[in-house]
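Biologist: I am new to this structure and would be grateful for a close look at a single part of it. Which residues come nearest to RNA strand B?

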Amino acid sequence: MGSSNDSNIPAAPSHFIRTLIDQDLAAGKNSGAVITRFPPEPNGYLHIGHAKSICLNFGLARDYAHAPGGARCHLRFDDTNPVKEEQEYIDAIKENLRWLGFDWGEHEYYASDYFDQLYAWALQLIDTGKAYVDDLSPEEIRAYRGTLTEPGRNSPYRDRPAAENRDLFERMKNGEFPDGFRVLRAKIDMASPNLNLRDPVMYRILHAEHHRTGSRWCIYPMYDFTHGQSDSLEGITHSICTLEFEDHRPLYDWFLDQLDIHHPRQIEFARLNINYAVMSKRKLLELVRDGHVDGWDDPRMLTLAGLRRRGFTPASIRAFCERIGVSKKSSCVDMGFLENCLREDLDSHAPRAMAVLDPLKVVITNYPKDQVEEFDAPIHPQRPELGTRKVPFSRELFIEREDFMEEPPNKFFRLAPGREVRLRCAYYVRCDEVIRDPQSGEITELRCCYDPESRGGSSPDGRKVKGTLHWVSAAHALDAEIRLYDRLFVVENPAADKAVDFTRHLNPQSLKVLRGCKVEPSLVAAAPESRYQFERQGYFCVDRYDSGSARLVFNRTVTLRDSWAKVEAKP
RNA sequence: UGGGGCGUCGCCAAGCGGUAAGGCACCGGAUUUUGAUUCCGGCAUACCCAGGUUCGAAUCCUGGCGCCCCAGCCA
């Protein structure tokens, strides 16, 4: 496709789905239109895996906006199972989608809006002898289905006359039978090597309240009898789904053929996996239900709600989904890759600030007792146009406890007795004395002296210091609670061993709450969800629910890359 | 021992018969008032294996091997 051997612009990220769509367009199919859809079931929250599908489907609609027939992406809720679905999930899904940056305009659909049409189609298949009502119990149906290697057997009810099927099906619909008493099945082939074609169930009896249709129905279509026709009804041209539905495609085609309606082209791709995490809605639900996390939006969850609360930007998630690509190979993406996309976005946008997570008091012995100076610190060192902020400096400060070592190892170039370092944007200071608690022996205070000549952080004599520390003025600092998050699981693939419950691999250290942290005063009015880089620490975001004027709460979104930690870790 | 799909660098991933893109990770080195960022350089004689076709194959053919999915009245 790419017409440009002469271009030195890097090849636009592409993938096999675009190639197929290009071919369809070139062949003049679908009147030149590209219509995709994102079809969630409202039975849980969206996660990063859904984001891949969302970016793909909505991205395609955007990429092909100039196709001769136009392009768009529908949002459709596949709400065919009332016992698992809830309005709460619909609301959350829509909110997450908008937050991620996608807009479906007028095109919001519900499979439940097609129930009447689906029912009519079922009747049509009954009348043409393509569907029948089966009285077998669920256990019997399973037994009759055969196995992977043995063909199934026909149900004794398979050859009921059409009129009888119609009567029974209408009575199912009228609520004459209890749940599970009978089903409507497609009459295809009980010996098919594709199990999906062994007379699949089309309708089941479920006396359940549906979140949209209420108690109007007591029979509900199965997903397999709904999905393809819903796509067809909406004129979807490219129905993009995950690999496990590849085996269902012949069934969708069968229904579409029998009904003689529009065939979307189904294309399957590999779903996203990320190491040190679980991705299935069932497992996420279990984490929430059993209290292993604080809810669907717990910042440790890879749900969109969780990522948002953690401080992820929508742009970083979109960039991630672009870069991982789309293929049919089952793969597992490194968590570090996601973090990298995040850092990249945050580094260029996040304003800088100083925060001391584990404060150690420092007294500048030669600094005048009641003096306070204000330094101008850049909001973003690479983007001076963003301006500066005022940072107060005084005789008593806090620095990070881990930035001082009494007996520093070889390559440690932070503060140590007798050693001089720079306090960012302020002065050079030298450590003269270490004060400890006589009881515990714990270091309680450092006595240092500063060099007035080094004001602003450089010395007129040109002498260099190896380390620069972040700090905060004790009298001016704000107290804050800071939540440190780490990966939720300690093993790469928590779900690998089906014999071991995946919750056994939960990381007991995935959340550390730090209280009494000291942050610079410019953060007083930090707005909920605003993100900062705390210099030398990482990116943090104001918790959207727990933070307020009375209590500042920051969530650590991700640490900075830390090559010192690597050096330190080496034996 | 049924059917469907997939196998290119540690992890993603281009490539579609003309002699292995890119990103992440990693390893060097430069700049740096964040051990951050940025910048330069290195990183598959090799594409699951074995045969074959061809002047030429990761790309075509044959046969193996490995991995994933399917036996819900879930989606």
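Modeller: The following account concerns the protein surface around the RNA strand. This is a predicted model, in which local features need pLDDT of at least 70 and side-chain atom pairs count only at pLDDT 80 or more, while totals for chains, interfaces and linings use all residues. Residues are numbered from 1 along each chain as its sequence is written, chains are lettered from A and ligands numbered from 1 in the order in which they are written, and side-chain values use heavy atoms, with hydrogens and water left out.

Around RNA strand B there are 64 residues, of which R352, F413, R424, G456 and R561 come nearest; a residue is near the strand if one of its heavy atoms lies within 4 Å of it. Of the atoms of RNA strand B that come within 4 Å of the protein, 64% belong to sugar and phosphate.

Individual polar contacts (pairs of N or O atoms within 3.5 Å) can be described in turn. A polar backbone atom of V326 is 3.3 Å from a phosphate oxygen of RNA strand B, and a backbone N or O atom of C332 lies 3.0 Å from a phosphate oxygen of that strand. For S563, a polar side-chain atom lies 2.4 Å from a sugar or linking oxygen of RNA strand B.

In composition, the surface near RNA strand B has 22 nonpolar, 19 polar and 23 charged residues; Ala, Val, Leu, Ile, Met, Phe, Trp, Tyr, Cys and Pro count as nonpolar, Asp, Glu, Lys and Arg as charged, and the others, Gly among them, as polar. At least two residues of this surface come from each of α5 (138-144), β6 (201-205), α12 (335-349) and α13 (563-569), where helices (H or I, at least four residues) and strands (E, at least two) are DSSP runs, numbered from the N terminus.

Technical notes. A polar contact is a pair of N or O atoms within 3.5 Å; within protein, one must be able to donate a hydrogen and the other to accept it, and residues adjacent in sequence count only if both atoms are side-chain atoms.
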